[in-house]
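Biologist: Before we discuss the labels attached to this model, could you show it to me and then justify each label against its cut-off?

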There are 2 protein chains.
Amino acid sequence: MGKSGMRNSSGSSMSSGEEKPSNGHTAVRKINPDLVISEIKHGARPGDTYVRLHRAHARAFRKVGPGHFVAMPASNVPATTFERVYRAIKRVLVGRPLETAEEVHERLTKVKGLAVFGSDAISSSAYATEATLMILMVAGNQALGITFYTSIAVAIMFAIIAFSYRQTIYAYPQGGGSYRVSRENLGTLAGLVAAAALLIDYVLTVAVSIAAGSAAVLSAFIASGYGEQIGMLDRTLPHPFNLNVLVSLFFIGLITLGNLRGIRESGTIFAIPTYLFIASLSTVLLVGLFKAFTGTLYPPEPPPILPVTESLGVWLILRAFSAGAVAMSGTEAIADGVPAFQPPESKNAAITLTAMALLLGSFFLGVSFLATRMGLVPGEETIISQVARAALGTSLPYYVFQIATMGILVIAANTAFADFPRLASILARDNFMPHQFLYRGDRLAFSTGIIALGSIAALLVTVFAGRVDSLIHLYAVGVFLAFTLSNTGMVVRWQKIRGAHWQTSRLINGTGAVLSAITLLIIATTKFTLGAWIVIVLIPIIVSFFHLVHTHYTRVAEQLRILPDQLPPQRIEQLVIVPIDDVNYASLRAMAFARTICSDVVVLHIALNAEHAEKVRQKMKLYAPDLKLILVDSPLRAFVRPLVSYVDAVHSQYPDAFVTIVLPEFITAHWWEQFLHNRTAARLQREFEKHPNVAVVLVPYLLEK
Amino acid sequence: MGKSGMRNSSGSSMSSGEEKPSNGHTAVRKINPDLVISEIKHGARPGDTYVRLHRAHARAFRKVGPGHFVAMPASNVPATTFERVYRAIKRVLVGRPLETAEEVHERLTKVKGLAVFGSDAISSSAYATEATLMILMVAGNQALGITFYTSIAVAIMFAIIAFSYRQTIYAYPQGGGSYRVSRENLGTLAGLVAAAALLIDYVLTVAVSIAAGSAAVLSAFIASGYGEQIGMLDRTLPHPFNLNVLVSLFFIGLITLGNLRGIRESGTIFAIPTYLFIASLSTVLLVGLFKAFTGTLYPPEPPPILPVTESLGVWLILRAFSAGAVAMSGTEAIADGVPAFQPPESKNAAITLTAMALLLGSFFLGVSFLATRMGLVPGEETIISQVARAALGTSLPYYVFQIATMGILVIAANTAFADFPRLASILARDNFMPHQFLYRGDRLAFSTGIIALGSIAALLVTVFAGRVDSLIHLYAVGVFLAFTLSNTGMVVRWQKIRGAHWQTSRLINGTGAVLSAITLLIIATTKFTLGAWIVIVLIPIIVSFFHLVHTHYTRVAEQLRILPDQLPPQRIEQLVIVPIDDVNYASLRAMAFARTICSDVVVLHIALNAEHAEKVRQKMKLYAPDLKLILVDSPLRAFVRPLVSYVDAVHSQYPDAFVTIVLPEFITAHWWEQFLHNRTAARLQREFEKHPNVAVVLVPYLLEK
């Protein structure tokens with residue numbers, strides 16, 4: 001393009017030959033914004049640039065009616081190389097973008113439902129016994145036997161909690177998450193506390209499950225004897241990049257990507273490892289129990305003799321109970337996801353919940369029984385791996401079981417990846433979280449929530465060096481806080497509604513609430529110094545954050561609300577200022593722009609030099625005699641500040657005046673050339689950024705060579 | 001300010017009660033941009049915000065006529081704390097800003113002129129002898145005697161060069177820098193080569209003089225015996241932060257600041273150390289010569305026996321001559337600064353030049369004579385320090401002399417600080433350097449040039465570890481290239497002008513040119529591998545840079561030139577697009593703005609959700625029925641890219657259309673709140689930055705709470 005080509009790209013249309021640039025008004029050609037998609041301008045040759053462009057843009061939009069288009073994928077092509085590369089990578093990792101209409105709403109059968117929502121709870125049987133044993137270890141090998149009894153206590157607790165959640169399932173067929181139940185029945189604050197507890201809980205679920213899952217893989221290695229050769233396997237060392245952490249980070253990355261992709265066939269995918277785990281753990285337990293009763297059950301290696309560093313007391317037993325109570329995490333998931341079940345939703349969900357409770361209960365008790373029977377001691381190898389080896393030997397079935405364990409633990413983490421973004425999006429819709437959590441990514445998943453969860457979990461696993469037992473201390477507080485609030489909420493609800501059997505229902509939820517509260521207290525006190533205090537400190541911080549965000553959005557909404565008796569003016573009368581250095585083609589073009597948008601145009605020249613100012617005055621008389629020229633001598637050679645002061649001075653006399661500053665902005669052909677200009681335009685724009693009554697318009701002037 | 005206050009700040013003036021916001025046009029109140037400085041709006045109470053502001057702004061501008069103001073210092077107050085602190089620091093370091101009219105043009109007497117322009121040349125006597133000795137050292141103690149003879153050769157060269165510059169002084173009373181003389185007589189390329197050589201030369205002057213000056217201070221320390229206690233004094237070690245480098249950086253910083261301040265009393269300030277050096281070096285030489293002839297001259301310490309590593313040959317002697325030739329640097333300064341002398345300028349300048357030549361010649365010869373007589377060997381202590389100690393003993397006068405040496409070396413650097421920015425500004429005026437070099441700072445100095453020079457010199461001193469001898473290798477090439485070009489230019493000039501005695505004049509400049517050229521050749525070859533190649537490589541690079549810059553500015557000027565038969569249109573007809581998320585107070589305000597600036601307004605809603613789009617359509621019917629709404633469904637939920645595509649599509653049908661995009665922009669009350677919004681405005685602005693036919697206007701909407 002030559003100079004004249006560029007000069008023509010300014011609104012007047014020289015190329016059509018119908019107008020001449022002159023000092024008079026040019027003819028106004030109406031622009032029809034309602035794109036004529038299919039029609040090519042009469043007389044255009046096929047080689048014309050705009051015909052080519054036109055063809056391209058006809059592909060970009062599909063017209064569905066007057067003033068109504070659909071943006072086609074061609075409208076969404078990347079503009080820069082960087083963007084192109086980014087999109088290509090994203091496409092490989094996440095897949096092609098999905099249209100909003102492509103969302104499918106899969107309904108789950110009971111079998112799939114158990115896999116999707118139950119894997120989190122069932123998977124806890126893989127580590128809950130070990131967590132209890134770890135506590136009791138300090139009291140010596142004898143004390144380990146207590147584990148079986150605390151496990152019975154936990155199982156009873158679990159039965160009651162599960163039973164109370166059945167009530168919630170029937171009461172909230174639209175999904176009874178703790179946030180909703182607490183908020184509706186106990187008020188916003190209770191709801192937000194439950195939400196905060198749950199968000200923490202979900203993050204910990206990911207961290208704990210993944211860390212436990214990778215521990216399962218590594219235990220298999222240790223058992224196979226390759227472990228020592230590989231080295232770096234000591235899970236008890238706080239090495240930030242031990243193999244456990246690396247494997248965990250890999251899984252977290254994988255699950256995050258999978259969720260960004262939107263795992264649409266989730267039911268089926270989840271079913272395989274879940275049922276594989278159920279089947280193989282059942283086998284382990286049956287064989288183990290058989291061996292136990294036939295007296296042929298031996299630990300795979302003789303358990304080490306533990307030094308007694310603490311005597312067995314109530315405190316230690318309470319701590320062991322607290323540690324076992326983590327098994328109950330994930331109980332809420334089914335109640336949360338009732339609408340995902342096939343109708344009758346509540347009934348199917350309730351049956352699934354019962355099945356889950358029975359499976360988890362028997363698994364947990366079974367593992368605890370066998371472990372205590374053999375006097376197993378947790379070490380480098382996980383307890384469940386030791387139990388499996390005792391039952392199956394270091395055989396192929398054992399390895400299958402280990403892989404199934406890893407599978408369900410990873411799947412359990414995935415439950416949190418479904419729950420966290422959903423809860424975050426509900427909170428965002430209620431204005432308690434940033435609205436970014438409402439956005440749906442390329443694959444219709446709540447990308448912000450997924451990425452946030454993955455990042456925080458990865459950070460946690462790294463900081464805690466992938467040690468399941470230290471992460472678990474933070475874990476249970478959130479779970480039981482949510483249980484307590486949710487069950488209390490249900491009690492209040494029964495009190496209010498007083499439907500059929502309301503007193504029985506109230507009793508069940510009341511028992512759940514009281515037991516949860518007691519467990520919460522036990523956990524909070526016994527684990528306080530071990531990390532529970534972090535959660536206790538975090539919850540009010542997160543709730544305050546919710547409030548801060550809510551206050552902001554509420555105020556913004558208030559300020560944006562249209563009050564019929566207080567509409568904004570139809571037109572914003574304004575003073576347009578065109579600051580110029582000199583009268584040249586670019587500044588005349590800026591003046592033309594200014595003249596078009598306003599009848600009150602002031603051309604302002606900050607004069608550093610009287611001679612030059614006089615020249616500017618002369619040229620203005622010649623080329624733009626209709627515009628008012630204001631000269632401001634600047635003896636200190638300052639430019640930006642006097643201009644700001646001038647605008648302030650105008651505002652001091654016309655407090656309501658809206659000032660628009662029109663600046664010609666050079667767009668250089670090469671990046672380095674911009675350093676040969678003083679870039680005042682950008683500086684002025686920054687300067688006026690925070691000024692509510694000033695808008696800055698940069699009228700681009702392309703330097704073509 | 002409450003909500004209503006904010007809402008009123010939009011152009012309509014609710015507060016005056018004369019208008020009602022309505023769907024009809026509000027009355028237009030004309031804004032008088034010609035500020036009524038002294039008048040306070042009728043009926044205003046003294047407590048009103050705007051009255052207070054008004055008072056402040058009445059101080060900011062002084063009205064000198066209709067539409068003509070002078071920006072007072074009050075118009076230049078800093079807005080942010082950061083700026084305030086920055087200004088306060090600057091004020092302490094650089095002083096209060098000066099008005100352009102405060103510039104004084106001091107004329108120099110011969111005495112002051114010698115100090116201002118001669119210090120650079122005279123100061124070279126402090127290091128030229130040492131540079132020669134350093135070369136000859138390799139041939140053993142015997143060879144050092146050659147120094148005296150090469151010094152005589154240099155002195156003769158110097159006499160001829162000085163004599164040829166007398167001619168230039170008379171021919172160019174307006175100042176005859178090599179750039180001007182070469183460009184005028186030999187063409188632009190020659191001029192630019194000379195300019196590049198000189199710019200390099202000035203940078204090296206600073207680096208060499210300052211490094212030598214700090215070496216003088218450190219030598220005094222070494223002589224006093226404190227040196228070894230302080231440590232880190234070994235100038236021969238390439239330690240990047242040895243004491244010499246640190247002292248040098250300190251001096252460079254000091255001189256840079258001093259020059260940014262604008263040393264107005266330069267003549268007097270410069271006279272003291274210059275004449276102190278002249279007096280004390282004269283004393284040293286007279287006492288030394290007296291001692292020499294009375295046979296009582298002994299080196300302060302017995303010179304070490306040097307190992308002979310190279311035999312004395314022509315090559316070595318030529319190298320020694322090259323090393324001594326650096327003494328001639330700075331000869332050009334007087335010819336450059338003729339207009340600074342009191343009238344008759346040329347005559348005074350010529351006399352000063354002669355005085356300078358005599359002084360430098362005798363000093364250089366004297367030092368060389370005494371040094372060779374005693375067989376001094378350069379080591380940690382400089383040669384001139386050893387000569388002074390031999391003459392005066394390690395006495396008070398010796399320390400005075402060392403301080404004077406340091407003083408004149410620092411002053412010599414200052415000459416470059418006057419010359420470099422001046423040459424850079426001349427080049428910038430001729431469009432060969434970025435125009436930033438034309439700006440005058442707070443104190444009317446060419447700040448960009450001063451800061452550039454200081455920074456490059458500091459870098460050089462650091463990289464070369466403050467070693468005078470390695471820097472000197474780079475030095476002389478530029479000087480003699482400029483000499484050669486300038487003298488050749490004079491020859492061409494005499495040829496053209498053919499005034500009185502033109503043949504004699506031509507002979508003198510011709511001799512100067514030939515001798516300079518020979519010296520240049522010798523230096524370039526002997527020092528080639530020692531660093532001169534750097535300069536030889538740099539010059540074409542710098543000249544290419546000059547050309548690149550010139551080409552850019554020329555093209556810009558071409559594209560900005562107003563061609564009377566090709567004026568820009570008086571008005572730029574445009575399509576205004578208001579992209580909205582929703583119809584709310586802020587978007588209605590943006591629409592009002594758009595309606596004001598154009599009759600062709602399109603409100604564009606990128607619809608992610610059909611229900612919401614329908615709501616938008618309804619609200620638009622209600623609140624802005626006059627504006628055309630375009631809906632673009634975006635099934636992939638993209639926003640920015642479809643908008644860009646829409647604008648492209650408009651351009652494909654109306655290639656000349658100028659599109660203005662009006663966006664409401666939230667200005668949040670707290671910085672963190674911006675993260676609760678999606679900041680699409682900023683993204684769109686970036687997106688359209690390079691689009692020549694699109695302007696983006698952000699209509700600010702202040703969120704007050």
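Biologist: What makes the residues listed for B:R641 its contacts?

Modeller: Contact means heavy atoms within 4.5 Å, and, leaving aside neighbours within four places in sequence, B:R641 is in contact with A:S75, A:N76, A:V77, A:P78, A:A79, A:E83, A:R87 and B:E687. This is a predicted model, in which local features need pLDDT of at least 70 and side-chain atom pairs count only at pLDDT 80 or more, whereas totals for chains, interfaces and linings use all residues. Residues are numbered from 1 along each chain as its sequence is written, chains are lettered from A and ligands numbered from 1 in the order in which they are written, and side-chain values use heavy atoms, with hydrogens and water left out.

Biologist: Why is B:R641 called buried?

Modeller: Buried means under 20% relative accessible area, exposed over 50%, and partly exposed in between, with a 1.4 Å probe and protein chains only; B:R641 has 8% relative accessibility, so it counts as buried. B:R641 lies in helix α23 (residues 640-653) of chain B, where helices are DSSP runs of H or I with at least four residues, numbered from the N terminus.

Biologist: Why does A:L538 count as partly exposed?

Modeller: Because its relative accessibility is 32%, A:L538 counts as partly exposed. A:L538, which lies in helix α20 (residues 532-560) of chain A, also belongs to a nonpolar surface patch of about 510 Å², together with A:F528, A:W533, A:I536, A:V537 and A:I541. Such a patch is made of residues with over 30% relative accessible area and no salt bridge (a side-chain nitrogen of Lys or Arg within 4 Å of a carboxyl oxygen of Asp or Glu), with nonpolar side chains (Val, Leu, Ile, Met, Phe, Trp, Tyr) joined within 5 Å and like charges within 9 Å.

Biologist: How do you know that A:F277 and A:F363 form an edge-to-face pair?

Modeller: Rings of Phe, Tyr and Trp (its six-membered ring) pair if their centres lie within 6.5 Å, and planes under 30 degrees apart count as stacked, over 60 as edge-to-face and the rest as tilted. The structure holds 26 aromatic pairs over all chains; in the pair of A:F277 and A:F363, the centres are 6.3 Å apart and the planes stand at 90°, which makes it edge-to-face. A:F277 lies in helix α11 (residues 266-293) and A:F363 in helix α14 (residues 345-374), both of chain A, so the pair ties together parts that are 86 residues apart in sequence. A:F277, at 0% relative accessibility, counts as buried, and A:F363 counts as buried at 4%.

Notes: Accessible areas come from the Shrake-Rupley method with a 1.4 Å probe; for residues, only the protein chains shown count as cover. Helices (H or I, at least four residues) and strands (E, at least two) are DSSP runs, numbered from the N terminus.
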